[in-house]
Every structure is written in C-alpha cells, then in structure tokens.
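Please look over the protein chain shown below. A short report on its fold and its contacts is wanted.

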Amino acid sequence: MKYCDTDKLSIRKMDKTSAKKMVVKYHYSHLWTKCSVALGLFYDTGKQHAFFDEAEEKMIGVIVYGDPVGRNPGSSIAEGLEHTQVYELARLYIHDGYGNNIESWSISQSMDWLRKNFSHILALISYASLMEGHVGTIYQATNWIYQGNSLRW
C-alpha cells in the first residue's frame, strides 16, 4: 500500500453528534465516550460538489479528545500538571484504504489543531486496549511516551 496523500486530507472541528455516529458504527468498541472536542478527517475526492461551488469531500475519520479518566492523570506525566491541562485521546477511527501512515499523520495534525485552538492543554494521554491486542504502536510511531502496562489481574 502507498503512503496517504496528505494533499487530499484536512482536519477540522466537527459536531459531536456526527462524531458519535461514526464512532458507534465503526470503532471497534462501538461505544461513545466523554468528548470535549471532536475532529473530523476529510478527504478531497477531486470532484466538484454537485450543489455548491466547492470541492466534494468525504468524512473518512474522527479523532475524539476528552477529559481524562482518573482523578489526577497529569501527575503521571509531570508534577504540578493540572487535570484541566490534560486531554485524553479517547477515540480514533479512520476508514481503511487511504494509505499507510494516515493514523499517525492525523494524530499529528490534530495535535497541531489543539495547540492553536486549545492552548491551555499542555499534555495528552491515551490508552491502548490490551484486550483488543493493541500495544500502542500508532502512539509510539508518533513519539508518545510509553508508560507501561496498567493491566492488573
């Protein structure tokens, strides 16, 4: 498979209702989550929109950030980091077939978007679902700091 064509991709804020529909229908969990901001990943089809004088786009993915679970998630990252300064990347879903590295590119773009629009957020956390066989490969590929396995028996 080829790398994703980033010239055809864009990320922007989207309404939570549409994000929820995509997550519940396509994400492996089929569960909605706490959502502070939802970002949509849009693909330019290269066609003119049938009704409007603009390019036709398809929504091909969603990234959901929310308040992290736990009482003090910031302290696992840095001493003095307040709960209100941390978001959790809670859901990421992108349809297949748009090229390799699309997930890491999308995460990177979403982080840039957060820096510009939510400057009070100083750190991000996320959790990989070990029960689904996920080990955080995409997060590690985008230079997140792996802090270990918290699965307890």
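The report goes from the overall fold to the sheet, the helix on it, the aromatic pairs and one loop residue.

## Overall fold

This is a predicted model. The protein chain has three helices and five strands. Starting at the N terminus, the order of elements is β-α-β-β-β-α-β-α.

The protein chain has 153 residues, and 37% of them are buried. Its exposed surface comes to about 9,900 Å², with carbon and sulfur atoms supplying 49%. Among contacts with a separation of 6 or more, 69% join residues that are 24 or more positions apart.

## The sheet

The five strands make an open sheet. Their order is S1-S2-S3-S4-S5, and the pairing is mixed. Strands S1 (9-14) and S5 are the edge strands, and each pairs on one side only. From one strand to the next, the twist averages 35 degrees.

Strand S3 (residues 55-66) has antiparallel partners in S2 and S4. With S2, the pairing is antiparallel over nine bridges. With S4, S3 pairs in the antiparallel sense over six bridges. Some facing residues can be named. Ala38 stands opposite Val64 in S3. Gly61 faces Ile94 in S4, and Val62 faces Tyr93 in S4. In a regular strand, side chains alternate between the two faces of the sheet.

## Helix H1 on the sheet

Which strands does H1 touch as it packs on the sheet? The contacts are with S1, strand S2 (37-48), S3 and S4. The direction of H1 makes about 85 degrees with that of S3.

Val23 is a residue of helix H1. Its relative accessibility is 0%, so Val23 counts as buried. Leaving out residues up to four places away in sequence, Val23 touches His30, Leu31, Trp32, Val62, Val64 and Arg91. Two of these partners recur in the strand pairing: Val62 stands opposite Tyr93, and Val64 stands opposite Ala38. Val23 and Ile63 are 40 residues apart along the chain, yet their C-alpha atoms are separated by 9.2 Å.

## Aromatic pairs

How many aromatic pairs are there? The count comes to four. In one of them, the rings of Tyr26 and Tyr93 have centres 5.5 Å apart and planes at 15 degrees. Planes under 30 degrees apart count as stacked, so this pair is stacked. Tyr26 lies in helix H1 (residues 16-26) and Tyr93 in strand S4 (residues 86-94), so the pair ties together parts that are 67 residues apart in sequence. Are the two partners buried or exposed? Tyr26 has 35% relative accessibility and counts as partly exposed. Tyr93 has 17% and counts as buried, because the cut-off for buried is under 20%.

Tyr87 and Phe118 form another aromatic pair. Their centres are 6.0 Å apart, the planes make 50 degrees, and the pair is tilted. This pair also links distant parts of the chain, 31 residues apart. Tyr87 is in strand S4, while Phe118 is in the loop between helix H2 (102-117) and strand S5 (123-125). Tyr87 counts as buried at 6% relative accessibility. Phe118 counts as buried at 16%. Together with Trp113, Tyr87 and Phe118 form one aromatic cluster.

## A charge over a ring

Arg12 lies over the face of Phe42. The distance from the ring centre is 3.9 Å. By residue range, Arg12 falls in edge strand S1 (9-14), and Phe42 falls in strand S2 (37-48).

## Asn101 and the N-terminal residues

Where is Asn101? Asn101 sits in the loop between S4 and H2. Its relative accessible area is 41%, so Asn101 is partly exposed.

Asn101 is in contact with Tyr3 and Cys4, leaving aside neighbours within four places in sequence. The C-alpha atoms of Asn101 and Asp5 are separated by 9.8 Å. Along the chain, Asn101 and Asp5 are 96 residues apart.

Note on methods
Residues numbered from 1 in each chain as written. Predicted model: local features only at pLDDT ≥ 70, side-chain atom pairs only at ≥ 80, totals over all residues. Heavy atoms only, no water. Helix = DSSP H or I, 4+ residues; strand = E, 2+ residues; numbered from the N terminus. Buried < 20%, exposed > 50% of the residue type's maximum accessible area, 1.4 Å probe, protein only. Contact = heavy atoms within 4.5 Å. Areas by Shrake-Rupley, 256 points an atom, 1.4 Å probe, with all protein chains shown as cover. Phe/Tyr/Trp six-rings, centres within 6.5 Å; stacked < 30°, edge-to-face > 60°. Lys NZ or Arg CZ within 6 Å of the ring centre and 35° of its normal. Pairing = 2+ DSSP bridges. Axes fitted to C-alpha atoms, helices over the stretch in contact; angles between N-to-C directions.
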